[in-house]
Structure formats: C-alpha cells, structure tokens
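Hi there,

Here is the structure I promised to pass on. Have a look at it first, and my notes on it follow below.

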Amino acid sequence: MKAVIQRVAYSSVVIDGTEVGKTDKGFMILLGVEQGDTKADADKLIKKIPVLRIFEDENGKMNLSCLDIDGEILVVSQFTLCADCSHGRRPSFINSAPPDIANELYMYFVDELRKSGVKKVDTGEFGADMKVSLLNDGPVTIILESKDLK
C-alpha cells in the first residue's frame, strides 16, 4: 500500500461539479492499494500518518503532528500510484489490487483513520473521475509504503 502525503493549507475534491470532500490545514493523502495488500498494510500506515511530525512548531521546526495541530485529512484513492513504468512508455497497472479488494481496503483505511483521533477525515469517491485541488504548504510531500514500515 502506498500513500502520498501532502501537508496542505487546504484541499478539496470535486465530482461532476459538486464538492464531495474538503479540508482545511492538514494532510491530503493519495492512497494506492496493490496486489497482496491486507488490513495489516493499512494498519501500518494508520499507525504512522496521524503522528507524522511534519508541521512546524513555534521555532519553525517540523515537530508537530496532524493530531497536535488538530488538523484534517482528505483521502483520495489513486490506483495509478501502483503503476509499473519499467518497460515501454505506457504504464502497466497490473500491480494494482482488483477494484473490489482495493475499495474494501480503502474504506478500511478511512474508517480506521477516523478512529485515530484526527479531527476530520473526508474522502473522494472510489473509482470516480475526480478533480482534486490543494495548496501544498511548504511544499512538504512524504511518500510512505507499508512494506517499508515496521
């Protein structure tokens, strides 16, 4: 499972002209579910993300977490994070989990993130054509892969 985490001043997702999710200061997370991923992979990310200290404290040091700042999170499913671009010019998405499994794990991730103490967790819509907007604060962007976490 892959997560691209962006520290944002705000973020939103729009489907067919309607805003379906938004946040103020916090994280915008793009989540990719790969073949073989399980709830244990999601749990590793859930354990790390809310406490990831990438917000500045009063001394300008990245020392505060999303929980510390009472931040919000927008989570958007993104199967293209699982792309294999090692051959040719057209990405292969063979590493992406099948849609039914990916959606189940995406929803599990969101539900567990909501239980982690984060003030607000909004989402896009799995499989929809979404327009995502954000103001990256920093810019700060962190990539986490569950296989790399203990």
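**How the two helices meet**

Helix H1 (residues 39-48) and helix H2 (residues 99-115) have axes that come within 10 Å and cross at roughly 35°. The crossing of H1 past H2 is right-handed. On the H1 side, the residues involved are Lys39, Ala42, Asp43, Leu45 and Ile46, and they meet Glu104, Leu105, Tyr108, Phe109, Glu112 and Leu113 of H2. By type, the residues of this contact are 7 nonpolar and 4 charged, with no polar ones. Please keep in mind as you read that this is a predicted model.

**The nonpolar core**

The largest nonpolar core has 30 residues, and those touching the most other members are Ile29, Ile49, Ile73, Val75 and Phe109. At least two residues each come from E1, E3, H1, strand E6 (72-77), H2 and E8. H2 gives the most, with 7 residues.

Two of these core residues are worth a visit in your viewer. Leaving out residues up to four places away in sequence, isoleucine 49 touches Ala3, Ile5, Phe27, Ile29, Ile73, Phe109 and Leu144. Another core, of 9 residues, lies apart from the largest one and includes Val4, Ile15, Val76 and Met130.

Valine 75 sits in strand E6. Its relative accessible area is 0%, so valine 75 is buried. With the same neighbours in sequence left out, valine 75 touches Ile29, Leu31, Tyr106, Phe109, Val110, Leu113, Val121, Asp122, Thr123 and Gly124. If you want a distance to try in your viewer, valine 75 and serine 146 are 16 Å apart, C-alpha to C-alpha, and 71 residues apart in sequence.

**Threonine 123**

Threonine 123, one of the residues that valine 75 touches, belongs to strand E7 (residues 120-123). Is threonine 123 buried or exposed? Its relative accessibility is 17%, which is under the 20% limit, so threonine 123 counts as buried. Beyond its neighbours within four places in sequence, threonine 123 is in contact with Val13, Val20, Gly21, Leu74, Val75, Tyr106, Val110 and Arg114.

**Salt bridges**

There are 8 salt bridges in the structure, and three of them are described here. Side chains of opposite charge can pair when their charged atoms come close.

One salt bridge joins the side chains of glutamate 34 and lysine 2, at 3.7 Å from N to O. Glutamate 34 is in the loop between strand E3 (26-32) and H1, while lysine 2 is in strand E1 (residues 2-15), so this pair ties together parts that are 32 residues apart in sequence. Glutamate 34 counts as buried at 16% relative accessibility, and lysine 2 counts as buried at 18%.

Another salt bridge is formed by the side chains of aspartate 137 and arginine 7, also with an N to O distance of 3.7 Å. This pair links distant parts of the chain, with aspartate 137 in strand E8 (residues 131-145) and arginine 7 in strand E1, 130 residues apart. Aspartate 137 has a relative accessible area of 28% and is partly exposed, whereas arginine 7 is buried at 5% relative accessibility.

The last pair for this note is lysine 120 with aspartate 122, a salt bridge whose closest N and O atoms are 3.7 Å apart. Lysine 120 is partly exposed, with a relative accessible area of 26%.

Happy to talk it over whenever suits you.

Best wishes

Notes: Residues are numbered from 1 along each chain as its sequence is written. This is a predicted model: local features need pLDDT of at least 70, side-chain atom pairs count only at pLDDT 80 or more; totals for chains, interfaces and linings use all residues. Side-chain values use heavy atoms; hydrogens and water are left out. Helices (H or I, at least four residues) and strands (E, at least two) are DSSP runs, numbered from the N terminus. Buried means under 20% relative accessible area, exposed over 50%, partly exposed in between (1.4 Å probe, protein chains only). Contact means heavy atoms within 4.5 Å. Axes are lines fitted to C-alpha atoms, for helices over the stretch in contact, and angles run from 0 to 180 degrees between N-to-C directions. A crossing is left-handed if the near helix is turned anticlockwise from the far one by less than a right angle, and right-handed if clockwise. Ala, Val, Leu, Ile, Met, Phe, Trp, Tyr, Cys and Pro count as nonpolar, Asp, Glu, Lys and Arg as charged, and the others, Gly among them, as polar. A salt bridge is a side-chain nitrogen of Lys or Arg within 4 Å of a carboxyl oxygen of Asp or Glu. A nonpolar core is a set of buried Ala, Val, Leu, Ile, Met, Phe, Trp, Tyr and Cys residues joined through side-chain atoms within 4.5 Å.
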